[in-house]
Amino acid sequence: MAEQQKVELSVTPEFKCYAPGGLEKCWATATLRAPFFEPTTRAEIDLVAVIDRSGSMSGSKIKLVKETLEFVIDQLKENDRFSLVSYSSDVRVDIPLTKMTKKNKESTKTTVNLLQATGSTALCGGLIKGMQQILHREATKAQVASVLLFTDGQANSGPSTKEGILAAMQTPQVDPEGASHGPAMRIQLQQVNAPQRSRFNPFNLFSSRPSPPMQQQAGPPPPPPVQQQAVPPPPPPAKRDVPSVPFEGTIYTFGFGADHTASLLEAIATAGDGSYYFIENAEKIPESFADCLGGLLSVVGQNIELTLEGCNGAILSGVHAKKPPKMSQDKAKCSVELGDLQSEEERDVVMELTLPASGEPVKDCKVVLAKLNYFNVITSMMEEATAELLVHREQAGVQQANASVLIQKTRISAVQALKEAKDLGEKGDLARAREILKKAIADIEKGGLTEENLIKFLLKDLKDILESYASDHVFRAIGSKKAANVFQSNVAQRSQTSADNAYVTKSKSAMKTASVAAVYKK
């Protein structure tokens, strides 16, 4: 039973035999497999929902977001904590991190339903305030912590560029320049946590709410105003040298409709070690949140690091993973950070090896030693695993390539094509982008793997994206979003869509089904 609670590690070469006489190129995979994990015994979670309540969110969008948040709240246990941050022209902490007891759930739902759509989009201020809810935790810290950022538009209040927002994420302990904070629309919550005082006076100069009228005393009329010369405003405060602070959590972004900036939300999610969800229509809001929640509630491994070491002269010519590997100068060793792993998920690190001449034939020659280290959320212990990549250095006839390695090589090739086409599309060169996508589709179709489940979904996604690159208008409205979503999903090997896909797990599928039943029965 204990072994079933651990992440498995295996290594697989493309071929079993490689000639001993000279340098040989060898493709291989290091594969991590998470066990199936019942969320009934899961770790506690700290969850912060950062919700766009700007004017464009009015109508069915804000209604479905409220109903979806109610569903999210219902899935949390008494020791889980939930926080609500909302933003428009200003930013509010409507609910600080609060344990979801039965009484607090009802109070939290009441607060959620008071959200009203109006104003601009202070996305950066909302994001940073959401990160602060995790950052400012005191004694109690859940093992799993995440910020869910939702928007339907472009950041247009406070920092609004990708560079500015990513820079603000490096110092989340301070509010971004130009941030405006409104009074929290908070109702009474059961005090199961230490009370948290708001850092902002609801009637201060930064609030969008007017100050209460002063009581006037009876007396003589005031003197006429004295005409004064205009006084220039004081210079802006000098920028402070603020050190960067590590963020102990993940960030997931949800972009609704055609108006949000996909590249920004993708960059935020990548920096936050999370995922970007593209929500094409309002009906998909519940399923998208549920897909994310189903994964967060089934995390089995965190802070995963894989170390690869070439043996017997083998060189790591290339290593393909979600994050760039940390490679030694001689390319004999590297480490790869893989973030977290959710129930039933797999991660494949694809290796390109250069094998030296071995002279004499050798059976079971060790060419890579793989070591895995991670925090096991199920057992609350650090765990490790090792695996050796063995090949025969001998002459061989025609060999059958390992299908799983070929599938992962195809995925890596498709990801590279998606990245190149996505970048060209952003630069306006849709013609070249379409050619790259067409070539990737043709290469996959003649690769002999079209019956494999992952390849089927890859082909479908590539063809859908190709259609959305038909014109600049369609690309800006849909294509850029689909490309960012599919690219990130296949890089991370993680489901991040409301639709069926190659990476969806039982936990995510069950949560999506439950969300649809709960939201649309109302």
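Strand 14 (residues 346-355) has 8 of its 10 residues buried, so the rest of the structure largely encloses it. Buried here means under 20% relative accessible area, with a 1.4 Å probe and protein chains only. Strands are DSSP runs (E, at least two residues), helices are H or I runs of at least four, and both are numbered from the N terminus.

This is a predicted model, so to speak of local features pLDDT has to be at least 70, side-chain atom pairs count only at pLDDT 80 or more, and totals for chains, interfaces and linings use all residues. Residues are numbered from 1 along each chain as its sequence is written, and side-chain values use heavy atoms, with hydrogens and water left out.

**Around strand 14**

- Strand 3 (residues 24-33) runs antiparallel to strand 14, and 10 bridges join them; two strands pair if DSSP finds at least two bridges between them.
- On that side, A28 has M351 of strand 14 as its bridge partner.
- Strand 11 (residues 315-320) is also antiparallel to strand 14, joined by 5 bridges, and I315 stands opposite T354.

**The six-strand sheet**

- Elsewhere there's an open sheet of 6 strands in the order 6-5-4-7-8-9, with mixed pairing.
- Strand 6 (91-99) and strand 9 (276-279) are the edges, each with a single partner strand, so one side of each has no neighbour in the sheet.
- From one strand to the next, the twist averages 15°; angles run from 0 to 180 degrees between N-to-C directions, and axes are lines fitted to C-alpha atoms, for helices over the stretch in contact.
- Strand 7 (residues 144-151) and strand 8 (residues 250-256) pair in the parallel sense over 6 bridges, and S146 has T250 in strand 8 as its bridge partner.
- Helix 3 (residues 123-135) packs on the sheet and touches strands 4 (45-52), 5, 6, 7 and 8, where contact means heavy atoms within 4.5 Å. Its direction makes about 165° with that of strand 7.

**Two buried residues**

- E383 lies in strand 16 (residues 381-393) and is buried, at a relative accessible area of 12%.
- The side chains of E383 and T379 make a polar contact of 3.4 Å; that term covers a pair of N or O atoms within 3.5 Å where, within protein, one must be able to donate a hydrogen and the other to accept it, and residues adjacent in sequence count only if both atoms are side-chain atoms.
- Leaving aside neighbours within four places in sequence, E383 is in contact with K6, L372, N373, Y374 and N376.
- G479, in helix 10 (residues 472-492), is buried with a relative accessible area of 0%.
- G479 and A262 sit 217 residues apart in sequence and 9.7 Å apart in space, C-alpha to C-alpha.

Conventions:
Buried means under 20% relative accessible area, exposed over 50%, partly exposed in between (1.4 Å probe, protein chains only).
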